[in-house]
Every structure is written in structure tokens, then in C-alpha cells.
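Trainee: Got a minute to go through this one with me? I'd like to start with the odd bits and work inwards.

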Amino acid sequence: MNFIMRNGKRYRIVDGKAYALMLLESGARSFPARKSECVLARPAIEGEEILTYIQNGQLEAPEVGQAGCWHLTRCDGEGRPRVDAFGHKNVWQVDDATFRKKYDWEHMRPSDGFTRPRGGLQRFVRVSEDIAIPKPWGENGSTAYQTLDANGYLNVTDLEDVYGVAEAEFSALYERA
């Protein structure tokens with residue numbers, strides 16, 4: 001088996017789609033939820049370092065800004081960035097199509113990029129082990145690993161783009177439908 005070490009933990013490397021299908025075929029139940037948290041959005045700067053942390057202070061994914069993507073910062077309903085107990089802002093990047101699908105970009109505030117989620121339903125399944133999913137988030141699209149601790153959730157809405165959401169982040173960002 002292949003593993004990576006991050007944050008002093010060992011994560012089993014899995015193919016997101018194959019792992020999600022295995023969970024679902026073995027009886028894991030998926031459920032619908034919708035995003036409820038706002039973001040500050042700006043175009044990602046090609047080559048910029050985007051370090052995504054989960055609320056417990058652990059590094060979830062080291063990303064490199066890609067041209068044509070959006071840099072998102074989780075914020076409250078007034079546009080104040082959310083900061084964890086370790087001083088990290090919750091930041092990540094998404095491609096343009098995902099941004100336009102999931103966020104109300106037509107009504108984005110010009111001054112700071114504040115926007116609300118569209119509220120569409122997505123499907124999730126809970127994981128029971130620490131896993132790492134290879135994603136093309138590294139420099140020039142190279143592989144970076146998104147780590148997900150046991151009890152986190154896989155977004156299985158699109159099996160061609162399975163990704164993880166940590167347990168605490170899921171509780172803060174999503175509402176079960």
C-alpha cells in the first residue's frame with residue numbers, strides 16, 4: 001500500500017473515484033447537503049502558494065495557484081474572513097466552472113469579492129480511515145495530496161471530481177438536506 005506522512009499522521013493514498021465507489025458499493029450511505037457559508041473570491045495568481053488548513057490547525061492540502069482558477073477565503077455573512085485558533089484563514093482554489101456553478105458570482109461585491117453559495121444539493125459519504133487523494137493542485141498541475149482524516153466526508157456529487165471535506169469544516173460549511 002502507498003502512504004504519505006503529513007501532520008505526523010499516516011494517510012493511505014487512494015484514487016478518489018475508486019474509493020468512493022468502493023464505499024458506496026459496500027453499503028456506505030450517501031446523503032445530500034448544501035453549502036451554507038460565504039466566501040471572498042478573487043482570481044488565483046498563477047504560481048502563488050495556497051495552503052489549505054483544517055480547523056485543528058493541520059495542513060490539508062498544499063496548492064499552487066493555477067491560471068483561470070479562483071482563490072476563495074471562507075468568511076462570515078458580513079465578509080470577515082474566518083480564522084482558526086492557529087491564525088490560519090480557510091483558503092482554497094476552484095476552477096472557473098466550479099466557482100460559477102457553486103457561488104452567486106453575478107452578485108459578487110466588487111470591493112472585496114464577497115459572494116454567497118448558490119445552495120445546490122451535493123452528495124457526501126463519510127470515511128472511516130485517514131486517506132490522501134491525489135489532486136492536480138500542485139505547480140503546473142502536478143500532483144498534490146489532499147488529506148482527509150477519518151470521520152471526514154467525500155463529496156461524491158461528481159465521481160470524476162471526488163474531494164474531501166474535513167469533519168469540522170463540513171459541520172461549519174454545509175447543512176444536511
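**Loops, cores and sheets**

Mentor: Sure. Start with Asn140, which counts as exposed because its relative accessibility is 68%. Keep in mind that this is a predicted model.

Trainee: Where is Asn140 found?

Mentor: Asn140 is in the loop between E11 and strand E12 (144–148). Its phi is near 55°, a positive value in a residue other than glycine.

Trainee: And why would I care about the sign?

Mentor: Because most residues other than glycine have a negative phi.

Trainee: OK, what about Asn151, what's its phi near?

Mentor: Near 80°, so again a positive value in a residue that isn't glycine. Asn151 is in the loop between E12 and E13, and with a relative accessible area of 36% it is partly exposed.

Trainee: Let's go inside. Which residues make up the largest nonpolar core?

Mentor: There are 12 residues in all, among them Val14, Tyr19, Leu23, Val125, Ile131, Leu148 and Val162. Helix H1 (16–25) and strand E11 (131–135) each supply at least two residues of that core. The largest share, 3 residues, comes from H1.

Trainee: What does Val125 touch, leaving out residues up to four places away in sequence?

Mentor: Its contacts include Leu23, Leu24 and Ala28, plus Gly152, Tyr153, Leu154 and Val156.

Trainee: Any other core worth a look?

Mentor: Yes, a second, separate core of 9 residues, which includes Phe31, Phe124, Phe170 and Tyr174.

Trainee: Those are aromatics. How many aromatic pairs does a search of the whole structure find?

Mentor: It finds 9. One of them is Phe31 with Phe170, an edge-to-face pair at 5.8 Å centre to centre with 90° between the planes.

Trainee: Which parts does that pair tie together?

Mentor: Phe31 lies in strand E3 (residues 31–35) and Phe170 in helix H3 (residues 167–173), so the pair links parts that are 139 residues apart in sequence. Phe31 counts as buried at 12% relative accessibility, and Phe170 counts as buried at 4%.

Trainee: Is there a stacked one to set against it?

Mentor: Take Phe99 and Tyr103: they are stacked, 5.7 Å centre to centre and 25° between the planes. Both Phe99 and Tyr103 are buried.

Trainee: Back to Phe31. Which residues form one aromatic cluster with it?

Mentor: Phe124, Tyr153, Phe170 and Tyr174 are in that cluster with Phe31. The ring of Phe31 also has the charged end of Arg176 sitting over it, 3.7 Å from the ring centre.

Trainee: And what does the charged end of Arg100 sit over?

Mentor: The ring of Trp105, at 4.0 Å from its centre.

Trainee: Switching to sheets. What's the strand order in the open one with 5 strands?

Mentor: E14-E13-E10-E3-E15, with antiparallel pairing. Strand E14 (163–165) and strand E15 (174–176) stand at the edges with a single partner strand each, so one side of each is left without a neighbour in the sheet. The twist averages 45° from one strand to the next.

Trainee: How many bridges join E13 and E14?

Mentor: Strand E13 (residues 153–155) pairs with E14 over 3 bridges, in the antiparallel sense. Tyr153 has Val165 in E14 as its bridge partner.

Trainee: What about E7, how many of its residues are buried?

Mentor: 7 of its 7, so strand E7 (residues 69–75) is mostly covered. Cys69, His71, Thr73 and Cys75 point one way, while Trp70, Leu72 and Arg74 point the other way.

Trainee: Why the back-and-forth?

Mentor: In a regular strand the side chains alternate between the two faces of the sheet.

Trainee: Which strands pair with E7?

Mentor: Strand E4 (residues 38–43) is joined to E7 by 6 bridges and runs antiparallel, with Pro43 opposite Trp70. Strand E8 (residues 91–95) pairs with E7 over 5 bridges, also in the antiparallel sense, and there His71 stands opposite Gln93.

Trainee: Last one: how many residues lie between E5 and E6 in their hairpin?

Mentor: 5 residues, and Gly57 in the turn has a positive phi of about 90°. The two strands pair antiparallel over 5 bridges, with Glu63 in E6 as the bridge partner of Ile50. Strand E6 (residues 59–64) has 5 of its 6 residues buried, so it is largely enclosed by the rest of the structure.

Note on methods. Residues are numbered from 1 along each chain as its sequence is written. This is a predicted model: local features need pLDDT of at least 70, side-chain atom pairs count only at pLDDT 80 or more; totals for chains, interfaces and linings use all residues. Side-chain values use heavy atoms; hydrogens and water are left out. A nonpolar core is a set of buried Ala, Val, Leu, Ile, Met, Phe, Trp, Tyr and Cys residues joined through side-chain atoms within 4.5 Å. Buried means under 20% relative accessible area, exposed over 50%, partly exposed in between (1.4 Å probe, protein chains only). Helices (H or I, at least four residues) and strands (E, at least two) are DSSP runs, numbered from the N terminus. Contact means heavy atoms within 4.5 Å. Rings of Phe, Tyr and Trp (its six-membered ring) pair if their centres lie within 6.5 Å; planes under 30 degrees apart count as stacked, over 60 as edge-to-face and the rest as tilted. A charge sits over a ring if NZ of Lys or CZ of Arg is within 6 Å of the ring centre and within 35 degrees of the ring normal. Two strands pair if DSSP finds at least two bridges between them. Axes are lines fitted to C-alpha atoms, for helices over the stretch in contact, and angles run from 0 to 180 degrees between N-to-C directions.
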